[in-house]
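Work through the exercises below with the structure open. Try each task before you read its solution.

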Amino acid sequence: MASKRWLLLCLLFPLPFLAIPSKPGRGIRLELTHVDARGSLAGADRVRRAAERSHRRVNGLLAAVTAPSAAPTLRSDGGGAATEAASVHASTATYLVDLAIGTPPVALTAVLDTGSDLIWTQCDAPCRRCFPQLTPLYAPARSATYANVSCGSKLCKPIPSQRPSRCPTPGCAYYFSYGDGSSTDGVLVTDAFTFGSGAAAHILAFGCGTDNLGGTDNSSGLVGMGRGPLSLVSQLGIARFSYCFTPFNDTATSSPLFLGASANLSPAARSTPFVPNPLGPGRQRRRSSSYYYLSLEGITVGDTLLPIDPAVFQLTASGRGGLIIDSGTTFTALEERAFVAPEGRGPEAVDVPRLVFHFDGADMELPRESVVVEDRAAGVACLGMVSARGMSVLGSMQQQNMHVLYDVERGLLSFEPAKCGEL
């Protein structure tokens, strides 16, 4: 069983207030909203919630690459649905995106997730069991562009245990259960998706969930941005996408998400290649193949390169180890052997030393605000990190104020510092 140790180091000292002006964004983009922007949490409460959310998230990501004995299992339930334990937790949302489904379009809010593939939402078809959501349920019968996906369709093939020779039901049934007890049960369908006002509609396959447990943090479902065939990225056939996360403490400013040709960085951006996905056993491969792996070669704190064995961050042929970049994990998780390096336990004084992640061909230097979480009113700064066994994860806090581009066509991740609220 994967284990991890948490470090939450808080320093008490007065912090200056630095206001960053904003101006209208440019280009064609979607707006991402931090999940806590729609609640009343602030300061230390937000840090604690982020820590709990990251803990559940990393547990779920690790579950996809554990030993076969602990790996998710497949079954065919009484209703004929393909069943698989999903690799992420539905209640670990960090960023939400607004979209519309159907003709006429119905506005919905969904979790943006780079660590999974399936797009799904709660459906009134009718809904046997649904968790509360802020927007009306999507009702396929009211959409002129709705269509079922047959069991023999190519779209159904990525759903585990659905094969044309032994279809248990006429439609493409699925059941995904999440590690926190939440789940979604329904059928794969297609309908028109609209992203942004005035944008063209796209016919996409997604899960129409009619029996759902748990919740997804003020949203109605999930948009997978992973590397698998059912993700939004794959279905749209886009060559690249990018996002720019505004600061953790800024709940008033949305974060831009650029899809396709609108995703661009400057010539000064640095790039590192994605690591090929592992060729492990079938179930593990399906899950881990969604992830965006990177090659982390070392970490510098201050002026000291930490004495970490390069093998600590290497991805093995069985799918263990390695580092992924993830939109849904707030605090970065580091493999335990790197986390306990004596020089890297964290700052012992008020001054926060520079922190640099050395990737293959590119150094990512993190500014102060990407290392500590600050509560200016209370004069508190907290450094949050996860110690994990089995995988490392580059979280969204370390990606804030940075324009990050996924070039899926060329297999590159590019990044550069940015004032995300001004893009």
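Three exercises follow, all on a predicted model.

**Exercise 1. Locate the annotated residues**

Task: Find which residues the UniProt annotation "active site" covers, and state where each lies.

Solution:
- Step 1. Start with the record. The unreviewed UniProt entry places its "active site" annotation on Asp113 and Asp326. They are spread over 214 residues of sequence, yet they cluster in space, with a largest C-alpha distance of 7.7 Å.
- Step 2. Place Asp113. This residue is in strand S6, which covers residues 106-113.
- Step 3. Place Asp326. Look in the loop between strand S19 (323-325) and strand S20 (333-335).

**Exercise 2. Judge burial and find a contact**

Task: Decide whether Asp326 is buried or exposed. Do likewise for Asp113.

Solution:
- Step 1. Recall the cut-off: buried means under 20% relative accessible area.
- Step 2. Asp326 has a relative accessible area of 0%, so Asp326 is buried.
- Step 3. Asp113 has a value of 2%, so Asp113 is buried.
- Step 4. Now check the side chain of Asp326. One of its polar atoms lies 3.3 Å from the backbone nitrogen of Gly328.

**Exercise 3. Read a sheet**

Task: Work out which strands stand at the edges of the open sheet of 4 strands.

Solution:
- Step 1. Write down the order: S18-S17-S21-S22, paired antiparallel.
- Step 2. Look at the edges. Strand S18 (304-305) and strand S22 (362-366) each have a single partner strand, so one side of each lacks a neighbour in the sheet.
- Step 3. Move inward along the order. Strands S17 (residues 296-301) and S21 (residues 355-359) are joined by 5 bridges. Ile299 stands opposite Phe357 in S21.

Note on methods: Residues are numbered from 1 along each chain as its sequence is written. This is a predicted model: local features need pLDDT of at least 70, side-chain atom pairs count only at pLDDT 80 or more; totals for chains, interfaces and linings use all residues. Side-chain values use heavy atoms; hydrogens and water are left out. UniProt positions are given in the numbering used here, feature names are shortened, and annotations may be inferred rather than shown by experiment. Helices (H or I, at least four residues) and strands (E, at least two) are DSSP runs, numbered from the N terminus. Buried means under 20% relative accessible area, exposed over 50%, partly exposed in between (1.4 Å probe, protein chains only). A polar contact is a pair of N or O atoms within 3.5 Å; within protein, one must be able to donate a hydrogen and the other to accept it, and residues adjacent in sequence count only if both atoms are side-chain atoms. Two strands pair if DSSP finds at least two bridges between them.
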